[in-house]
Every structure is written in structure tokens, then in C-alpha cells.
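Subject: The structure we talked about, with notes

Dear colleague,

I am handing over the structure below, and I would be glad if you kept it open while you read the notes after it.

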Amino acid sequence: MGSTANVALAVVVVVYIVARQFRARRIAGDSRRMLVIPAVLAVLALRDHNLIDHAHRSTSVALLVVSILLEVAMGFAWGFTTRVWRDDSGAVWAKGTAATGFAWVGMIIARIALYAIGSAMGVVQGQGVLLLSLAAVLLVRTAVVSWRARETGPSYGVPAVG
């Protein structure tokens, strides 16, 4: 898959995920299904020959590590700012909040800043960094929301659509 296709895939995934997160949705008991998208993104990222700029290896690796750590933090923020509740029938629901939106804006600003820093240092940053970072944020968010869903006790009087 070419670099343009990787970027297009990342954009489609982000738009899809962001659009879904602000609608109430029922959380299924099996979260393994939600591991498919991060796994595909990670495989595509690791196949990118420009994941590391070989002319600036240590700086490139440092930027990659910071990027992944940023996305892990975003995954936690996203997971903990998502409203999770159990309806009267026992089904668990989730919906993004305004705080989730602010977390996304902060992450986008931080991502642009990291890209600018790398560019100022002459580091060529491939699409693999974006894909691997996106895989990390989705994986952590899924883990946090799944954990919160398991820990959610019965709620009484909470509407099924929030």
C-alpha cells in the first residue's frame, strides 16, 4: 500500500472514530473485535520503510517514542473522559463528552508541534509514525473503556441513550 493510501486510510479511520465517539453506542462484551483496526494500522506502520529517518536515526527514534507516549496519554484521556454507564436492562453504553473533544484538540496540536519540531531538525517523518500513533491511541482507549465497562455497576434511572 502506498504512502498516499496510508495517509488516506489514517484520515478515514480518524474521521470514522471521531464521528462515532460522540454518539451513544452500546459496548459489546467482546472487545477483541476492536483490536482489528489498531492491529492493521500497526502492521501498515511497521511496513513503512520511512518509519525511522536513517539520516537522523536517534532523533527520529526519539520523536517516534515521544509520539507514541503522547498517543498513549491521549488514549487514557479519551478513555477516562468517555461517559460509560449501564442502562436498566444491564447493557453498557459509552459516549464521548466535551472533555473528550478538548483532549482530541490538544492531541492534534501536540502532533502538529512534534511534526514541526522534527521538520525543524531536518527529520523526515513518514506516515508510519502517524499510523503507529493512531494504533496506540485506539488500543489504549479500547482497553480503558473496556475496563471501565466491566467495572460499571448497575444504574437506575439512567436513560439508555445519553
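What follows is a walk through the nonpolar cores, one helix pair, two single helices and one loop residue.

Please keep in mind that this is a predicted model.

The cores are a good place to begin. The largest nonpolar core has 21 residues, and those with the most contacts inside it are L41, M74, W78 and L138. At least two residues of this core are supplied by each of α1 (3-21), α2 (36-46), α3 (57-81), α4 (98-120) and α5 (127-151), and the largest share, 7 residues, comes from α5. If you select L41 and leave aside its neighbours within four places in sequence, you will find it in contact with L9, V13, L131, L134, A135 and L138. There is also a second, separate core of 5 residues, which includes V84, V92, A94 and A149. As background, nonpolar side chains tend to be buried together in soluble globular proteins.

Next comes the helix pair. The axes of α3 and α4 lie 9 Å apart and the two helices pack at an angle of about 175 degrees; since an angle over 145 degrees counts as roughly antiparallel, α3 and α4 are therefore roughly antiparallel to each other. Among the residues that make the contact are L63, L70, M74 and W78 of α3 and A103, W104, M107 and L114 of α4. Sorted by class, this contact has 13 nonpolar, 4 polar and 2 charged residues.

Two of the helices can also be looked at singly. In α4, which has 23 residues, the distance from the first C-alpha to the last is 33 Å, close to the 33 Å expected at 1.5 Å a residue. The buried residues of α4 include T100, A103, W104, M107, R111, L114 and G118, and the helix is followed by G122, whose phi is positive, near 80 degrees. For α5, the 25 residues should span 36 Å at 1.5 Å a residue, and its end C-alpha atoms are 36 Å apart, which agrees. This helix is mostly covered, with 18 of its 25 residues buried.

Finally, is A91, in the loop between β2 (83-86) and β3 (92-95), buried or exposed? A91 has a relative accessible area of 5%, and because buried means under 20%, A91 is buried. Not counting residues up to four places away in sequence, A91 touches R26, W85 and R86. A91 and A149 are 58 residues apart in sequence, while their C-alpha atoms are 9.6 Å apart in space.

With best wishes

Note on methods
Residues numbered from 1 in each chain as written. Predicted model: local features only at pLDDT ≥ 70, side-chain atom pairs only at ≥ 80, totals over all residues. Heavy atoms only, no water. Core = buried A, V, L, I, M, F, W, Y, C linked by side-chain atoms within 4.5 Å. Buried < 20%, exposed > 50% of the residue type's maximum accessible area, 1.4 Å probe, protein only. Helix = DSSP H or I, 4+ residues; strand = E, 2+ residues; numbered from the N terminus. Contact = heavy atoms within 4.5 Å. Axes fitted to C-alpha atoms, helices over the stretch in contact; angles between N-to-C directions. Parallel < 35°, antiparallel > 145°, perpendicular 65-115°, else oblique. Nonpolar A, V, L, I, M, F, W, Y, C, P; charged D, E, K, R; others polar. Expected span 1.5 Å × (residues − 1).
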